[in-house]
Amino acid sequence: MSPSAKIAALPCGRRAKWFVLAFWLVLLVVAVPLAGKLADVEDNEASSWLPGNAESTQVLEAQRGFFPVDTAQAVVVYERDGGITAADKAVAVRDAAAFADAPHVAGVVVGPQVSADGKAMQTVVPVDIGTGGWEDLQPAVDSLRATASDGSLGMATYVTGPAGIGADQAEAFAGIDGTLLFATVTVVIVLLLLTYRSPVLWLLPLFSAGAALMVAEAVIYLLAKYAGLTVNAQSAGILIVLVLGAGTDYALLITARYREELRNHRDRHEAMAFALHRAGPAILASSATVVASMLCLLVAEMNSTRGLGPVCAIGVLVALAAMLTLLPAILVIAGRWIFWPVRPAYGTPEPTRSGRWAHVGGWIGRRPRKVWTGTALALAVCSLGLISLDATGLTAAGTFTGKPDSVTGQQVLAAHFPGGTGSPLTVVSDAGGAERVRVTTAATQGVAGATDVIVKNGEAIFQATLADPPDSDAAKATVDRVRDAVHAIPGADAQVGGNTAVQLDAGRAAAHDNKVIIPLVLVVVMLILAALLRAVVAPLVLIGTVVLSFTAALGVSAFVFAHVFHFEGQDQAFPLFVFVFLVALGIDYNIFLMTRVREESVHRGTREGAVAGLAATGGVITSAGLILASTFAVLGTLPVVGFAEIGFAVALGVLLDTLVVRSVLVTALTIDLDRHMWWPSRLGTRAAAGEHRTQAAPQAPGP
């Protein structure tokens, strides 16, 4: 037995299987309590999402020198179509006094101020953010809303501004972990039942995937608490979907190969050892592509994107460890009966050899060039939907799938007050040049006015109201004009921040990340494929098909978002996230297929090997793709447009890759290219595809 075969056999030995099970049970006893604390170390403060070196991030840090606590402005808006009355103003004055005494309010309450048209009022309330990010905003904003609506004399009341929007975002993300976990587990159970058609077999992959999730969350909790790893609501939510989805995929592949080998071996321990030895390299390569792709995110400028990389990489590594140790051990412990009612008996034929995918492979083999050119053209047509892609960022209103109170309030505020009211620019500078900076800012086109300067410890700060809505392109252009103007003042060291500046800097950082990370991921995945397949042509072909699959999925998604769901656009990081997940996960299925095709090609030749590989892997890969697509589609259950778009696009891309690209396009290209697919390896330089086949001794079918 080769060294690699001995290593593969370790988890399923006659005594080792019990040690593996005991190890994981002990690990779970330790991990489950720690996993439950992951939400306690989530960092949802603005700085954990922003580019670390951006000017707006530096302004956020500078603000802490002027105010004892971090604050976010809540704008309480009152509206009466018939005009504000004296009694209405008295109510607003009373509310302002109540706001000032509220425990969550830190600073001076400004207002009420009546609009120029006399139909609305606004009161600006600085809310203590605390240390919990937006989660600490929600109780404070709920209190403001209750106070404003109580005794409002029929006026419409809203709480908006950065604090109001942040509180509604916190509500949208409330219970995200539990919601995603419940929905994902439900989807996985249903699909495993349909895949295995067994009342008990599904329990083992689900238990293994659940154990992987608990251990991954515990590891991430410890790293976040003691090693400075950044975790936020976004990365914690995606972790659940990724670990359960990828873990179940690996489980399906191992279980399918094990079931196949049970027909070739009397002893189930030998069958599992052989299954791990043959399927293990493909699963290792698959996980390596995901982990390497996720670690490429470490070069991102956006803190939220950079933090997502190691979180997902840890999740996939733990899922890999569970599926290569825990799952084989419990499958062997359970025995053949676990496959009931269709037990794979020794010596029985493998049904995939003559099943549906064998017929598909035979059909492709009769006209491979027409099949792959037609498929590629169809995917190219789908890619035309990229014309509808608008990944320039989402406004506050476009962030939610519904219309929460803060969004309506922002629209009312914009209708009666200058567009940037409630979300001003924040300008910091040296005290000596502060007044020149303030005058210059106030005189800049697009600025409606500026507050007085506050000086402390040789530094100064003030705020400037924008004339345009804070999330508009016009407001972002104003930020650039103000920055150009104040940066030109000698010795002032002025910096411009605020919500609009944050959006501008985040968009530019996301654009940088797209340009840097996407090529980097392609190179890394290409190298892994080349090492696995020992070829150059095959990796190039596979990368090309995955990129085509990505553009097709993105094109269809963009068209659907614009013309069916009527979303206003996409977040700047949307293309990057979809690309990384689709390339990292989509290449998995090509790896599973092509490693099997290569194995079969050694004995059959490439053309027959491609058909045999598709027949052997078609069913399990399709099931894996359906499960992974469904788990990502669960993200669409959240009332947040960014998550819904990522979930839809990744799910669509996985389905395209599973049902079309891997099964049709890649198979047809492999058959058409024949032995040249494996150049420059020996398998690709043979004079005839079938030469080896005439010399090799017959062997039992492999995975």
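**Figure 1. Trp24 and its ring partner.** In this predicted model, Trp24 is tucked away: its relative accessible area is 5%, and anything under 20% counts as buried, so Trp24 is buried. Now look at the ring beside it. The centres of the Phe23 and Trp24 rings are 6.3 Å apart and their planes meet at 85°; an angle over 60 degrees counts as edge-to-face, so that is what we call this pair. In general, you describe two aromatic rings by how far apart their centres are and by the angle between their planes. Count up the aromatic pairs in the model and you get nine.

**Figure 2. A cluster of Phe rings.** Which residues do ring pairs link into a cluster here? They are Phe561, Phe565, Phe567, Phe574 and Phe648. Zoom in on Phe561 and Phe567: their ring centres sit 5.8 Å apart with the planes at 40°, so this pair is tilted. Phe561 has a relative accessibility of just 1%, so it counts as buried.

**Figure 3. Strand S1 between its pairing partners.** Start with strand S1, which covers residues 71-79. S1 is mostly covered, with seven of its nine residues buried. S1 pairs with strand S3 (residues 120-128) in the antiparallel sense, over nine bridges. One of the residues to look for is Glu79, whose bridge partner in S3 is Ala120. S1 also runs antiparallel to S4, and five bridges join these two. Here you can spot Val76 opposite Val159, and Tyr78 opposite Thr157. Strand S4 takes in residues 156-160 and is mostly covered too, with four of its five residues buried.

**Figure 4. Helix H13 and its two sides.** Helix H13 runs from residue 368 to residue 383, 16 residues in total. From first C-alpha to last, H13 reaches 22 Å, close to the 22 Å expected at 1.5 Å a residue. Which residues of H13 are buried? Look for Pro368, Val371, Thr375, Ala376, Leu379 and Ser383. If you sight down the helix axis, these buried residues fall within an arc of 120°, so they line one face of H13. And what covers them? The cover includes helix H12 (356-366), helix H18 (537-563) and helix H21 (641-673). Over on the other side of H13, you'll find Arg369, Lys370, Leu377 and Val381 exposed.

**Figure 5. Thr595 in helix H19.** Thr595 belongs to helix H19, which spans residues 574-604. A polar atom of the Thr595 side chain lies 2.7 Å from the backbone oxygen of Ile591. What else does Thr595 touch, once you set aside its neighbours within four places in sequence? Its contacts are then Ala282, Leu532 and Leu533.

**Figure 6. Helix H17 and the residue after it.** Helix H17 stretches over residues 499-533, which makes 35 residues. Its first and last C-alpha atoms are 49 Å apart, close to the 51 Å expected at 1.5 Å a residue. Right after H17 comes Arg534, and its phi is positive, near 55°.

**Figure 7. Gly280 in helix H10.** Is Gly280 buried or exposed? Its relative accessibility is 6%, so Gly280 counts as buried. You'll find Gly280 in helix H10, which covers residues 268-295. For a sense of scale, pick out Ser235 as well: Gly280 and Ser235 are 45 residues apart in sequence, and their C-alpha atoms are 28 Å apart in space.

Methods: Residues are numbered from 1 along each chain as its sequence is written. This is a predicted model: local features need pLDDT of at least 70, side-chain atom pairs count only at pLDDT 80 or more; totals for chains, interfaces and linings use all residues. Side-chain values use heavy atoms; hydrogens and water are left out. Buried means under 20% relative accessible area, exposed over 50%, partly exposed in between (1.4 Å probe, protein chains only). Two strands pair if DSSP finds at least two bridges between them. The expected span of a helix is 1.5 Å times one less than its number of residues. The arc is that of the directions from the helix axis to the C-beta atoms. Contact means heavy atoms within 4.5 Å. A polar contact is a pair of N or O atoms within 3.5 Å; within protein, one must be able to donate a hydrogen and the other to accept it, and residues adjacent in sequence count only if both atoms are side-chain atoms. Rings of Phe, Tyr and Trp (its six-membered ring) pair if their centres lie within 6.5 Å; planes under 30 degrees apart count as stacked, over 60 as edge-to-face and the rest as tilted.
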